[in-house]
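Trainee: I should like to learn how to read a structure of this kind. Could we go through it feature by feature?

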Amino acid sequence: MSQEHSILLVEDDPFDVRLIRRAFRKAGVDAPLHTVADGEEAVRYLQGEVAYADRARYPLPHLILLDLKLPRKSGLEVLEWLKREESLRRLPVVVLTSSRENTDVSRAYDLGANSYLVKPVDPASLEAIAQTLNLYWLRLNEHPEVGRGR
Amino acid sequence: MPLTRETTRFRRTLLGSVFIPILLMAMLAGVFLRQIGSLLALNGWVDHTDQVIAEAHYLQTLLIDQETGLRGYLVTGTSEFLEPFVKGERAFPGEVDRIEVLLRDNPAQFQTLREIATLAAAWSRYAHHVITLRQQGGAYQEYRLNREGKARMDTLRALMAAFLTREQELRDTRADAASRASRSVTETALVATLLLGSAAGVILRREILALSHSFRSALDQRQAAATENARLFQEISRYAEELEERVRARTAALESRNEELQAFSYTVSHDLRAPIRAVEGFSQALEEDYGDRLDGEGREFINSIRIASRRMDRLIEDLLAYSRLAQTELTLGPVSLERVLEEAVAALPPEQREAVHVERPLPEVAGHFTTLLQIAGNLLANAIKFVHPGATPRVRVWAERSTGFIRLWVEDNGIGIEPAHQERIFRVFERLHGIETYPGTGVGLAIVRRAAERLQGHAGLESDPPHGSRFWVDLQPAEAVQGITGLAREHANDDLPAKRRAA
């Protein structure tokens, strides 16, 4: 698959990152999976700041998988920031978190999340999620124009 | 009440200050009237005597006229001269009668008058005798000088004069008495008025002083009471403020504690579950990716890791559900128990769904769908789980309407619960069986009871071990929604103090 179908995974737990990577691999998803470990890092990546200026290595993703409980800047704060950025606000965001709290779910949707998924305990379920995400958001979904604003 | 006593005293004082002077004045007026009456009577007697005197003078004149007429006739023989005699003689008896009437009060004078009248009558008889003699031209010469007549008349006159003198003396005495009485009335009036005036003045002064004193003391009492009231009011206001301040502080402390608790449960749900998920995930990955390189025991170890981590995950899930029940604000609305049961049954593993028999129709209740689902889910899972080894679970669900609430029954054919344990099992972490026999966290029934209580209801059971149990949940009927929503809101506000009491 080409670079234009990349995913940005915002996740601070290395075990989760590893399990998610495994699930995507097992599901046969070949889209590149870029990861950042906290909210500020996510903002820097999306803005293309110094470390991420090279868009060939760090392309703007077609999908963001966003955990909510993150160091430095929470997932909800990242989401709020993103939806205010004219050039980035159309980027699809799928919240992938362990919280089932109603307040988190409602707040995420209020801030413009496109979907909200709870991390399953079972690796097989995670694999199914990886497969579905790939199919729906990367293949079937029509990608919006991102990066130039308006 | 001291004020009532003051009022009575005030009335009494008012009566005294008004009625006593009026009474005194009336008494004085009575005395005056009596005195004036006797004075008038005295004056009347003086007038009476004057009248007697005047009449007596007239009587005397009549006598003189008669004598003069007689003398003139005797000298001249002319009948013209007899005229005063005739007139006098005619008028005399009437005049005597008039004076007699006036003299009824005075027997002495009356007697004198009678003597005068007798003498006058005798003189009259003598006069007629002489007149007859003169007319017949007889021996009138010896009567010409009228010596006998003169003598008689002199006696008469003397008597008359005495009468008059006595009458005048009487008049003077009476006039004196009248003038003395008049003087005494004036003096008495003066003295009495002065005395009464001073007495009334003294009384009035005393009464008014008493009145003003009682007024002042009543006023003082009032003022003291008002001051005391103001002081009490201030004190109460201060207490109220203190209390409010304490409630505010307590509420703030509880709110922050509640927030801490929420943050805690959030942390538990995220951070505590993450490593479990990792254990579960990696052990599964290990089995999938490297299972072929492990022997039977190695794979058994992996299985144990997975079972333990699932148990841990389940426990955390239950604990979260339980603590969420205490924290979440519930808005109650009409909920169909049939829909709740449908969903609860659907959530069971497919092989267990057959065991549940729901007796329709089930009524609507005032509740909260998710919370009711928690209740039904836990009760069904419980009913299916605790069966005798090897037995097929059979669960019957029905509802009955009682006064004021709806009771949902979940009956099983399980092992039952000894009466001694029937209350314990509703507490968190209470388990009656080893985890090997009947797996579980010990939170399920605690969730059921707390959920029922949050829905203004209650949960309990009847059991006949070893022939199964009948769990029941009392819920408010859907009609109660209006009232309960308000109550729930109030309850939500009361939640913090309620928890404080519980703690």
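**Reading the contact between two chains**

Mentor: Let us start with one residue: A:Arg22 is buried, its relative accessible area being 7%. Please keep in mind that this is a predicted model.

Trainee: With which residue does A:Arg22 form a salt bridge?

Mentor: The general idea is to look for a side-chain nitrogen of Lys or Arg within 4 Å of a carboxyl oxygen of Asp or Glu. Here the partner of A:Arg22 is B:Asp289, and the closest N and O atoms are 3.0 Å apart. B:Asp289 belongs to helix H5 of chain B and A:Arg22 to helix H1 of chain A, so the pair joins two chains.

Trainee: Is B:Asp289 buried or partly exposed?

Mentor: B:Asp289 is partly exposed, because its relative accessible area is 26% and the buried class is reserved for values under 20%.

Trainee: How many salt bridges are there between chain B and chain A?

Mentor: There are five salt bridges between chain B and chain A. Five residue pairs are also found in polar contact across this interface. On the side of chain B that touches chain A, helix H5 (147–290) and helix H6 (296–327) each supply at least two residues. H5(B) gives the most to that side, with 15 residues.

Trainee: How should the extent of the contact be described?

Mentor: One counts the residues and then considers the area. The contact takes 22 residues from chain A and 18 residues from chain B. About 1,800 Å² is buried between the two chains, and carbon and sulfur atoms give 51% of that area.

Trainee: Which residues does B:Asp313 touch?

Mentor: Leaving aside residues up to four places away in sequence, B:Asp313 touches A:Val121, B:Arg273 and B:Ile276. B:Asp313 is placed in helix H6 of chain B and counts as buried, at 12% relative accessibility.

Trainee: How does one read a salt bridge within a single chain?

Mentor: One asks where each partner lies along the chain. In chain A, A:Glu11 forms a salt bridge with A:Lys119, with the closest N and O atoms 2.7 Å apart. A:Glu11 is in the loop between strand S1 (7–10) and helix H1 (14–26), and A:Lys119 is in the loop between strand S5 (115–118) and helix H5 (123–140), so the pair ties together parts of chain A that are 108 residues apart in sequence. Both A:Glu11 and A:Lys119 are buried.

Trainee: What separation in sequence does the salt bridge of B:Arg396 and B:Glu411 span?

Mentor: B:Arg396 lies in strand S4 (residues 395–402) of chain B and B:Glu411 in strand S5 (residues 405–412), so this pair ties together parts that are 15 residues apart in sequence. B:Arg396 is partly exposed at 29% relative accessibility, and B:Glu411 is partly exposed with a relative accessible area of 21%. Elsewhere, salt bridges that share partners join A:Glu11, A:Asp16, A:Asp67, A:Lys119 and B:Arg277 into one network.

Trainee: In what order do the elements of chain A run?

Mentor: From the N terminus on, chain A runs β-α-β-α-β-α-β-α-β-α, which comprises five helices and five strands. Chain B has eleven helices and seven strands. Buried residues make up 48% of the 150 residues in chain A and 38% of the 503 residues in chain B.

Trainee: Which residues make the nonpolar surface patch of about 460 Å²?

Mentor: That patch is made by B:Leu14, B:Leu15, B:Val18, B:Phe19 and B:Ile22. B:Ile22 is found in helix H1 (residues 2–76) of chain B and is partly exposed, with a relative accessible area of 49%.

Conventions: Residues numbered from 1 in each chain as written. Chains lettered and ligands numbered in written order. Predicted model: local features only at pLDDT ≥ 70, side-chain atom pairs only at ≥ 80, totals over all residues. Heavy atoms only, no water. Patch = residues over 30% accessible without salt bridge, like charges linked within 9 Å, V, L, I, M, F, W, Y side chains within 5 Å. Areas by Shrake-Rupley, 256 points an atom, 1.4 Å probe, with all protein chains shown as cover. Helix = DSSP H or I, 4+ residues; strand = E, 2+ residues; numbered from the N terminus. Buried < 20%, exposed > 50% of the residue type's maximum accessible area, 1.4 Å probe, protein only. Contact = heavy atoms within 4.5 Å. Buried area = accessible area lost by both parts, 1.4 Å probe. Polar contact = N/O pair within 3.5 Å; in protein donor to acceptor, adjacent residues only side chain to side chain.
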